[in-house]
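Colleague: Please take a close look at one part of this model for me. I would like the side of chain B that touches chain A.

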There are 2 protein chains.
Amino acid sequence: MLVNDWRERKKAATRQRIQDAAIELFLVKGYEATTVEEIAAAAGVSHMTFFRYFPAKDLVVTADPYDPMIAELVAARPAEEPPLLRLRRALAEGFTYLEERELATVRARARLILDTPALRAQLWQQERDTAELVATALAGGVPDLRFRVLAGAGMAAMTAAVVQWAGDDETASLAELIDRAFQALT
Amino acid sequence: MLVNDWRERKKAATRQRIQDAAIELFLVKGYEATTVEEIAAAAGVSHMTFFRYFPAKDLVVTADPYDPMIAELVAARPAEEPPLLRLRRALAEGFTYLEERELATVRARARLILDTPALRAQLWQQERDTAELVATALAGGVPDLRFRVLAGAGMAAMTAAVVQWAGDDETASLAELIDRAFQALT
DNA sequence: ACCCCATACGTTATCTACTAACATGTTAGA
DNA sequence: TCTAACATGTTAGTAGATAACGTATGGGGT
């Protein structure tokens, strides 16, 4: 079983190399102007290896572990709370945890995504998937229209906050913006 | 100026021919399995003409006049109403107008879009654009975070309703689902 | 130490969406 | 009738994505 460890770590490393090379190139040359072949060359692999790790070019940017995390946080909160408050608190927890390390990276990536149509498309799809997960967590089973609406509204609030936060250096902190966004919802 | 009329009508006709041919092929063979060349051939044009009318393959399905219409309806309603009620009433008006003619077509197209990842991506982007238009209409100028959240939440409610309506033949009417969705929001 | 084989990676070919350059034909107006 | 504008076609090319097939590296059983 030691073998698997070694292989997994090697794979994780090349995956990271590809992703780093890609984002660096995107920030310098722009997303559209950067070809997969260039990324692969910069990471020292062939274009096939790129596609084995990221089935599509945009996934190298949009693949992200946070969205599923939100659903877990929602499920972890007491079911007695009203749905929107539950979601709000869950998000607050999540973003507080983030605050300490990766906020700058997240912001840079958010900007890249928001400035690139091809990447934005994926993002909205992802938001929708997360909304369904959140709705399921809120309902504690298959959600009905009511829970889907609430989850969707909550995601919309979060998205509005993130968009403002990413677009303006002078704006408030992300946590505060999310708080304000949920306030507007009630 | 008579000339322009004639040319415009001819252009509108070929545009329609292309779109009809495309949607028919999509429904029969599926979106991915249908090539632009096939669509162009079925419509009796070259693939370049296709792209002149629809800059991207997916636009032949997702290009749609309803989303801008919503913003107009919102702006037309009295500004004294609370924002969410205003949006709700505006949507009610719009879908009542629709009811009389194209509902079946809209439903078929909605299903095609919801079943095709490549089309879904565009749809969410479009929803976002509409939300911005609605937010502007609600604010009567450049919207702040509050109006953006409300507009986004409203669009989320509408989307949830449309998704359920498109997915289930036995479900309630679209107007009623939208009404229920907005009820869940308050 | 030997071979075996799984597994990651590369090479090559091909498809398709999409774009650009240039050619052609048709029609409105002088 | 000539010409300028405009819609369309032809051709060639780029880039994302997939499939078939070959190769090498390293682990485990004998």
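Modeller: Here is that side of chain B, followed by a short look at the DNA. Bear in mind that the model is predicted.

Start with the extent. In chain B, 23 residues are in contact with 23 residues of chain A. Together the two chains bury about 2000 Å². Carbon and sulfur atoms account for 69% of that area. Three residues stand out: Trp124(B), Arg128(B) and Leu145(B) supply 29% of what chain B buries against chain A, more than any other three residues.

Now the polar side. Between chain B and chain A the count of salt bridges is zero. Residue pairs in polar contact, with both at pLDDT 80 or more, also number zero.

Which helices build this side of chain B? Helix 8 (117–139), helix 9 (145–167) and helix 10 (174–184) each supply at least two residues. Helix 9 of chain B gives the most, with 13 residues. By class, this side of chain B has 14 nonpolar, four polar and five charged residues.

Chain B also meets DNA strand D. Among the closest of the 21 residues around this strand are Ser46(B), Thr49(B), Arg52(B) and Tyr53(B). The side chain of Thr49(B) has an N or O atom 2.2 Å from a phosphate oxygen of the strand. For Lys11(B), a polar side-chain atom lies 3.2 Å from a phosphate oxygen of DNA strand D. Helix 3 of chain B gives the most to the surface near DNA strand D, with five residues. That surface divides into nine nonpolar, eight polar and four charged residues.

Technical notes:
Residues numbered from 1 in each chain as written. Chains lettered and ligands numbered in written order. Predicted model: local features only at pLDDT ≥ 70, side-chain atom pairs only at ≥ 80, totals over all residues. Heavy atoms only, no water. Contact = heavy atoms within 4.5 Å. Buried area = accessible area lost by both parts, 1.4 Å probe. Salt bridge = Lys/Arg side-chain N within 4 Å of Asp/Glu carboxyl O. Polar contact = N/O pair within 3.5 Å; in protein donor to acceptor, adjacent residues only side chain to side chain. Helix = DSSP H or I, 4+ residues; strand = E, 2+ residues; numbered from the N terminus. Nonpolar A, V, L, I, M, F, W, Y, C, P; charged D, E, K, R; others polar. Near = heavy atom within 4 Å.
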